[in-house]
Amino acid sequence: MIYFYFQSKEEILYTLYLEGFKKRMDRLSDTNKIHNPLKRLEEAIRLSIDFSIEHPEYVYLMLSIRPDNKSSDFKWDKSLRVKDFFGTITKEASDQGYIEAKDLEMLNLTSWAYNHGISSL
């Protein structure tokens, strides 16, 4: 019956993948009202970890499963939105003198990997 709505298992997984990242981004967007970027970064990390605790099934899917679909409309850029979200905050914190880093991209990738690691526990 479910295949009346979805053509394949990969499409189901992809739909859940997108839903998980949308829920995470909706949660993270609550931090946009915090003006201090360091406080916003702290809150975003806390909310991201809280999301992982509250929705382990989405986190497992988002971090572990990659359905194999080669069609051009099947995009995996939703996880990059989360990375870019944290990267924007990190850059703002650096620009305002809260964080000192020689390589912001490396700091962002390290933070993103750390967040993934904590989320997957």
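**Two crossing helices, H2 and H3**

In this predicted model, the helices H2 and H3 are roughly perpendicular to each other, because angles from 65 to 115 degrees are counted in that way and the two pack at an angle of about 105°. Helix H2 covers residues 37-54 and helix H3 covers residues 56-64, and their axes lie 5 Å apart. On the side of H2, the contact is made by Phe51, Ser52, Ile53 and Glu54, while H3 contributes Pro56, Tyr58, Val59 and Met62. Sorted by class, the residues in this contact of H2 with H3 are six nonpolar, one polar and one charged.

Staying with H3, one finds that Tyr58, Val59, Leu61 and Met62 are buried. When H3 is viewed down its axis, these buried residues fall within an arc of 165°, and they therefore line one face of the helix. The cover over the buried residues of H3 includes not just H2 but also helix H1, which spans residues 9-28, and helix H5, which spans residues 104-120.

From here the view can widen to the whole protein chain, whose secondary structure amounts to five helices and zero strands, giving the pattern α-α-α-α-α when read along the sequence. Among contacts in the chain with a separation of 6 or more, 69% are between residues 24 or more positions apart. Of the chain's 121 residues, 32% count as buried, and the chain exposes about 7,900 Å², with carbon and sulfur atoms supplying 56% of that area.

Note on methods. Residues are numbered from 1 along each chain as its sequence is written. This is a predicted model: local features need pLDDT of at least 70, side-chain atom pairs count only at pLDDT 80 or more; totals for chains, interfaces and linings use all residues. Side-chain values use heavy atoms; hydrogens and water are left out. Axes are lines fitted to C-alpha atoms, for helices over the stretch in contact, and angles run from 0 to 180 degrees between N-to-C directions. Helices (H or I, at least four residues) and strands (E, at least two) are DSSP runs, numbered from the N terminus. Angles under 35 degrees count as roughly parallel, over 145 as roughly antiparallel, 65 to 115 as roughly perpendicular and the rest as oblique. Contact means heavy atoms within 4.5 Å. Ala, Val, Leu, Ile, Met, Phe, Trp, Tyr, Cys and Pro count as nonpolar, Asp, Glu, Lys and Arg as charged, and the others, Gly among them, as polar. Buried means under 20% relative accessible area, exposed over 50%, partly exposed in between (1.4 Å probe, protein chains only). The arc is that of the directions from the helix axis to the C-beta atoms. Accessible areas come from the Shrake-Rupley method with a 1.4 Å probe; for residues, only the protein chains shown count as cover.
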